[in-house]
Amino acid sequence: MVPLMAAADQTASSSLTGASVVSACALFFTVASFWWLHARQGRLKAWEPHAFAAIVHGSTTRLRLPLILHNTGPKPIVVQDIILTFPDEPASHLPLLWVASLSRLQPGPDEETKLPAGFIVPGREAQQLFIEFEAPFSGFLPEARDYKAQLQVRVGHRKGWRPLLTFILRAANIIDPHRYTVYDNAPLGLTKEDQRRADAALIELLEEHEDGSPPGGGGQKDPLNDEGDADTSR
């Protein structure tokens, strides 16, 4: 009789242990699922722009990029600031600062312009932005060549600047630097004649900058008015 009772107690204990394991696993799965679906901090992702707008006016360079930012997690991400840097260039090439948010890529007099301001990328959503960057003083005067460019961001839940996107900026496609207009950022986007024009225009611009004379001579209309993946989870 005693052995039978001992066996029954052992069976009951085993059943209780198995039920505890199943309950613990179910609780862990529930908590993990809730965290993944509602509380996980995602990453901010961006993709290489296929086009850009540019103007080089005197010692000022202005670039406009069409950006798509995607928040991979459920929690919103606050973007406080964005800069455009050139990691492989000399330290004298200062970052291009975020100076405006626009309503489209093609510059024009009737476009909607907003001053730089922090914004929110909601969880699991994407936003399209047209961000305009400008070099302070004479920090960046492009040559007719490709540049390794990097977008960096400051987000609300992390300290410091964090890399968002590294891509190739094809400044050789800028064939009319005095006019604020859109250029293709795809490789082999220019004919040989366009490449020759771009090289000549940017070389002339560099020579004028070195001489200290204004581009295109005096009395020129202000061309600025012409038509024309960050891991933020850690």
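Helices (H or I, at least four residues) and strands (E, at least two) are taken as DSSP runs, numbered from the N terminus. With that settled, I read off the order of elements from the N terminus on: α-β-β-β-β-β-β-β-β-β-β-β-α. That is two helices and 11 strands.

Ground rules for myself. This is a predicted model, where local features need pLDDT of at least 70, side-chain atom pairs count only at pLDDT 80 or more, and totals for chains, interfaces and linings use all residues. Residues are numbered from 1 along each chain as its sequence is written, and side-chain values use heavy atoms, with hydrogens and water left out.

**Entry: surface.** I looked up how much of the protein is covered. Of its 234 residues, 37% count as buried (under 20% relative accessible area; exposed is over 50%, partly exposed in between; 1.4 Å probe, protein chains only). The accessible surface comes to about 13000 Å² (Shrake-Rupley method with a 1.4 Å probe; for residues, only the protein chains shown count as cover). Carbon and sulfur atoms own 59% of that surface.

**Entry: β2 and its partners.** I went to β2 next and asked how many of its residues are buried. Six of the seven are, so the strand is largely enclosed by the rest of the structure. For pairing I need at least two bridges found by DSSP between two strands. β2 runs antiparallel to β11, with four bridges joining them. On the other partner, strand β3 (residues 60-71), I get five bridges, again in the antiparallel sense. Val 56 stands opposite Thr 61 in β3. The β2-β3 connection is a hairpin with two residues between the strands, and Gly 58 in the turn has a positive phi of about 65 degrees.

**Entry: aromatic pairs.** Searching the whole structure, I get three aromatic pairs. The criterion is ring centres of Phe, Tyr and Trp (its six-membered ring) within 6.5 Å, with planes under 30 degrees apart called stacked, over 60 edge-to-face and the rest tilted. One of the pairs is Phe 52 with Tyr 183, tilted, at 6.0 Å centre to centre and 40 degrees between the planes. Phe 52 sits in strand β2 (residues 51-57) and Tyr 183 in strand β11 (residues 181-184), so this pair ties together parts 131 residues apart in sequence. Both residues are buried. The strand register agrees with the pair: Phe 52 stands opposite Tyr 183 in β11.

Another is Trp 98 with Phe 119: the centres are 6.2 Å apart and the planes at 85 degrees, so I log the pair as edge-to-face. Trp 98 belongs to strand β5 (residues 96-102) and Phe 119 to strand β7 (residues 119-121), 21 residues apart. Trp 98 is buried at a relative accessible area of 7%, and Phe 119 counts as buried too, at 15%.

**Entry: a charge over a ring.** I checked Trp 161 and found Arg 154 over its face, 5.9 Å from the ring centre. The test is NZ of Lys or CZ of Arg within 6 Å of the centre and within 35 degrees of the ring normal.

**Entry: two loop residues.** Is Arg 158, in the loop between β9 (146-155) and β10 (162-170), buried or exposed? Neither: at 32% relative accessibility it counts as partly exposed. Its C-alpha atom is 9.9 Å from that of Val 78, 80 residues away along the chain.

Asn 173 lies in the loop between β10 and β11, and at 6% relative accessibility this residue counts as buried. A polar atom of the Asn 173 side chain lies 2.4 Å from the backbone oxygen of Asp 184.

Notes
A polar contact is a pair of N or O atoms within 3.5 Å; within protein, one must be able to donate a hydrogen and the other to accept it, and residues adjacent in sequence count only if both atoms are side-chain atoms.
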